[in-house]
Amino acid sequence: MPEDTTASRLRLAGLCFLLQIFTIILFAVFVRYSPESSPACPRPLQTHPSASALPGFRDVHLQVLLGFGLLVAFLGRYRPGSMAISILIVAFAIQWAVLIQGFLYFFLNGKIYVGAESMVSADFCTAAVLISTGAVLGRVNPVQMLLLTLLGVTLFSINEYILLGLMEVSRDSGGSLTVHTFGAYFGLMVSRILHQPHMGKRKEPQDTGHQADVFSVVGTIYLWIFWPSFTSATTVRNDAEPWAVLNTYFSLAASTLATFVLLPVLYEESTLQMVQIQDATLAGVAVMGMAGEMLVTPFGALVAGFLAGLIPPLGFRFLTPVLRSRLKTQDTCGVHNVHGLPGLLGTLLGTLLAALATADAYGGRLELVFPLVAQGSQTATTQALCQLCALPVTLLLASLGGCLTGAVLNIKGLRSPPDTSYPENTVLREGFMGRRQQLGLDASPAAETSLLQQRLWWDTAPSKPPASPDLPRAGPISALLHLSALVQAAEEGCDRRASRKEPSTSTLV
């Protein structure tokens with residue numbers, strides 16, 4: 001096993017080096033700034049947003065980096081690697097998405113002109129890839145994750161270009177179809193191709209204890225704060241943005257209440273878990289991705305959010321076992337229930353609203369939301385058919401792309417050994433444990449017990465925390481290392497003492 005771990009580290013380092021050098025060369029040859037007043041920028045590409053658009057870019061970036069990163073860190077056995085892998089995916093996906101989308105949308109006179117708009121598009125692409133990784137979390141190593149990101153970004157950009165550029169689908173501002181649906185089913189198909197019979201017999205580890213709740217709470221709060229900006233970041237300006245924000249908030253509220261309605265009926269636990277509320281929150285925003293800037297009306301947003309909030313509990317209760325046993329598809333984070341099915345519902349809702357679009361209902365906003373209908377180039381029925389036809393196209397590209405990506409990841413030299421548990425943690429966890437030993441944190445069982453008490457002292461609310469072992473005292477970096485060690489000790493203690501099963505309601509951002 002040490003030899004395998006060494007080889008994995010070298011493969012990861014080599015692939016990161018090659019990919020970064022390759023992107024640097026491409027950026028040097030093709031990528032240029034597109035400031036609004038730059039005389040070198042062609043006039044048609046001077047789309048750099050004003051300063052008022054920059055907060056939206058900031059919110060989208062925070063949502064992708066922190067929201068999604070925290071939402072994949074709720075499983076205790078996966079946490080040592082999932083957060084780091086999320087940051088690795090974001091770091092590479094943004095660079096690669098700028099290039100691929102630049103060649104499709106922002107390429108003129110042999111150059112790619114980038115600004116805040118192209119960075120927001122890259123963040124949306126990154127979100128779809130992070131959703132896909134939720135289906136295979138725990139069964140692929142970092143090298144495979146990087147290759148999945150490379151192919152996933154490319155396929156996402158092609159699908160988006162076909163839908164928005166060639167089929168003239170109305171704006172999918174929040175990504176019900178392009179982000180949630182494509183990301184979920186692309187990841188599920190990769191998971192199906194990577195299925196190994198012996199993996200199906202092993203129970204997926206679930207987290208028990210307070211740390212999972214902490215991550216779920218913080219991740220859910222980030223969703224509530226930043227996702228309305230995520231949905232409205234690419235909406236047309238003037239008066240169209242407030243509709244997307246309001247509809248998303250109404251959907252979030254209704255989907256959360258739907259969880260409290262259904263979960264007590266399906267499960268015997270006396271209290272709800274934060275991860276279940278997190279699932280409902282994600283479903284609520286997924287359903288409003290396409291229809292957010294349309295005339296949903298407030299009560300329509302509440303109805304759609306409530307229906308979407310019912311999907312995750314029912315899906316985890318009835319559909320997930322079928323996926324695992326009959327279809328041989330393991331869905332670690334439940335992306336099918338939280339992103340895939342709500343994304344399908346959101347696409348159907350957007351199709352219905354497109355068919356009902358009239359100048360009397362939308363007024364001057366019709367030209368902003370459905371420009372071709374307002375200009376008379378096509379009828380509302382034709383627009384609705386375009387929206388509907390985009391769904392099978394997306395599912396087809398996601399399925400074929402997932403098969404191709406799974407076949408690449410299944411190459412013998414890239415796979416982890418069959419007896420490797422949680423391969424995404426192998427490289428990162430060994431480095432973390434080595435640092436613990438360097439600090440003397442694994443010196444004795446007594447020290448480990450004291451660390452556990454230090455982490456969980458607030459459970460019994462004492463007047464002051466118990467005395468901690470003698471630890472090296474340095475600056476804030478050392479303090480962070482000690483805090484990480486305390487968290488790890490708490491997780492190990494909770495795993496040893498866990499005696500009850502938690503419902504499998506875990507999910508990804």
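These are my notebook entries on a predicted model of one protein chain.

**Entry 1: the whole chain**

I began with the overall picture. The chain has 509 residues, and 53% of them count as buried. I then looked up the secondary structure and found 19 helices and three strands. Next came the contacts between residues with a separation of 6 or more: 83% of these join residues 24 or more positions apart. For the surface, I noted that the chain exposes about 22000 Å², with carbon and sulfur atoms supplying 66% of that area.

**Entry 2: the three strands**

How are the three strands ordered in the sheet? I read the order as β1-β3-β2, in an open sheet with mixed pairing. The edges belong to β1 (31–33) and β2 (107–108); each has a single partner strand, so one side of each is left without a neighbour in the sheet.

I took the pairings one by one. β1 and β3 run in the parallel sense and are joined over three bridges. In this part of the sheet, Val31 stands opposite Ile112 in β3. β2 pairs with β3 (residues 111–114) in the antiparallel sense, over two bridges. Here Phe107 has Ile112 as its bridge partner, and Leu108 has Lys111. I was pleased to meet Ile112 twice: it stands opposite Val31 and is also the bridge partner of Phe107.

**Entry 3: the turn between β2 and β3**

I followed the chain from β2 into β3. The two strands form a hairpin with two residues between them. Asn109 lies in this loop. Its phi is near 55 degrees, a positive value in a residue other than glycine. Is Asn109 buried or exposed? I found a relative accessible area of 64%; the cut-off for exposed is over 50%, so Asn109 is exposed.

**Entry 4: two more positive phi values**

I kept looking for positive phi. Glu168 has one of about 55 degrees, although it is not a glycine. This residue sits in the loop between α5 (142–166) and α6. Its relative accessibility is 42%, so I wrote it down as partly exposed. The other case is a glycine: Gly138 follows α4 and has a positive phi near 95 degrees.

**Entry 5: helix α4**

That glycine led me back to helix α4 itself, residues 116–136. Its 21 residues should span 30 Å at 1.5 Å a residue, and its end C-alpha atoms are 31 Å apart, which agrees. Of those 21 residues, 18 are buried, so α4 is largely enclosed by the rest of the structure.

**Entry 6: helix α12 and Thr347**

I moved on to α12, which covers residues 335–355 and contains Thr347. This helix has 21 residues and reaches 29 Å from its first C-alpha to its last, close to the expected 30 Å. I counted 16 of the 21 as buried, so α12 is largely enclosed by the rest of the structure.

Then I zoomed in on Thr347. Its relative accessibility is 0%, so it counts as buried. Which residues does Thr347 touch, leaving out those up to four places away in sequence? My list reads Ser176, Leu177, Thr181, Met290, Gln387 and Leu391. I checked Leu391 further: it is 44 residues from Thr347 in sequence, yet their C-alpha atoms are 7.4 Å apart in space. I also noted that a polar atom of the Thr347 side chain lies 2.9 Å from the backbone oxygen of Gly343.

**Entry 7: Thr178 in α6**

My next stop was helix α6, residues 176–193, where Thr178 is found. Thr178 has a relative accessible area of 3%; buried means under 20%, so this threonine is buried. Beyond its neighbours within four places in sequence, it is in contact with Ala128, Phe156, Asn159, Glu160, Leu163 and Asp172.

**Entry 8: cysteines**

I finished with the cysteines. A disulfide is a covalent bond between the sulfur atoms of two cysteines. How many disulfides does a search of the whole structure find? The search finds zero. I looked up the surroundings of two cysteines as well. Cys125 has a relative accessible area of 0% and is buried, whereas Cys403, at 31%, counts as partly exposed.

Technical notes:
Residues numbered from 1 in each chain as written. Predicted model: local features only at pLDDT ≥ 70, side-chain atom pairs only at ≥ 80, totals over all residues. Heavy atoms only, no water. Helix = DSSP H or I, 4+ residues; strand = E, 2+ residues; numbered from the N terminus. Buried < 20%, exposed > 50% of the residue type's maximum accessible area, 1.4 Å probe, protein only. Contact = heavy atoms within 4.5 Å. Polar contact = N/O pair within 3.5 Å; in protein donor to acceptor, adjacent residues only side chain to side chain. Expected span 1.5 Å × (residues − 1). Areas by Shrake-Rupley, 256 points an atom, 1.4 Å probe, with all protein chains shown as cover. Disulfide = S-S within 2.5 Å. Pairing = 2+ DSSP bridges.
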